[in-house]
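User: I'd like to understand the labels people attach to a structure like this one. Could you take me through the reasoning behind them?

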Amino acid sequence: MLPEAAVGTRLVEAIAAQDVAAIATCFAADAQFRALVPPGLRERTGAPDAASLIAGWFADSTELELVDSETTTVGDRLHIAYRFVGVEEGEPYIVEQHLFGTLGDGKITRADLLCSGFRPRGE
């Protein structure tokens, strides 16, 4: 496994566990985080705020299952992709997110995330 992949694996596992503190450990203290999600752009600075935003997207899920993930590099950027299926308010959904980031000392220092939105799924 590439050293860069370790933070990707930790981040995806932390999201799957719905563990905001573990998500925060993946980001540098002064991390810059931007996310394009329905309904628009969200920006946060710092590990706690980035982690809270990410965890908040999944906080109301009564079921959350990781169905696919991948961590690779694109030139000098880390690419973390993951897909979850879950249930929120009794409604099953599927969601996929792609994060492109830069690393420093094994943590994400800057990240840009694109989200598919929580889409309805059939059984």
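Analyst: Happy to! A residue is called buried when its relative accessible area is under 20%. In this predicted model, buried residues make up 40% of the 123 residues in the protein.

User: What makes Ser61 buried or exposed?

Analyst: Ser61 has a relative accessible area of 8%. The cut-off for buried is under 20%, so Ser61 counts as buried. Ser61 sits in strand E3, which covers residues 61–74. Beyond residues up to four places away in sequence, Ser61 touches Gln18, Val87, Glu88 and Tyr93.

User: What makes the pairing of the Ser61 and Tyr93 side chains a polar contact?

Analyst: The two side chains come to 2.6 Å. A polar contact needs a pair of N or O atoms within 3.5 Å, one able to donate a hydrogen and the other to accept it. The 2.6 Å value is within that limit, so the label fits.

User: How do you know that the length of H3 suits a helix?

Analyst: At 1.5 Å a residue, the 12 residues of H3 should span 16 Å. The end C-alpha atoms of H3 are 17 Å apart, which agrees. Helix H3 also has several buried residues, including Ala47, Leu53, Trp57 and Phe58.

User: Which residues touch the most other members of the largest nonpolar core, and what makes it a nonpolar core?

Analyst: The label calls for buried residues of certain kinds, Leu, Ile, Phe and Trp among them, joined through side-chain atoms within 4.5 Å. The largest such set has 34 residues, and Leu11, Ile23, Phe27, Phe33, Trp57 and Leu113 touch the most other members. Helices H1, H2 and H3 and strands E1, E4, E5 and E6 each supply at least two residues. H3 gives the most, with 8 residues.

User: What is Phe27 in contact with?

Analyst: Setting aside neighbours within four places in sequence, Phe27 is in contact with Leu11, Phe33, Ala47, Ala50, Ile54, Lys107, Ile108 and Ala111.

User: And why is the whole protein called compact?

Analyst: With 123 residues, a compact globule would have a radius of gyration near 14 Å. The protein has 14 Å, which agrees, so the description holds. Along its principal axes, the C-alpha trace spans about 40 × 30 × 25 Å.

User: Finally, how many helices and strands are there?

Analyst: The protein has 3 helices and 7 strands. Their order from the N terminus is α-α-β-β-α-β-β-β-β-β.

Methods
Residues numbered from 1 in each chain as written. Predicted model: local features only at pLDDT ≥ 70, side-chain atom pairs only at ≥ 80, totals over all residues. Heavy atoms only, no water. Buried < 20%, exposed > 50% of the residue type's maximum accessible area, 1.4 Å probe, protein only. Helix = DSSP H or I, 4+ residues; strand = E, 2+ residues; numbered from the N terminus. Contact = heavy atoms within 4.5 Å. Expected span 1.5 Å × (residues − 1). Rg over C-alpha atoms; globule rule 2.2 N^0.38 Å.
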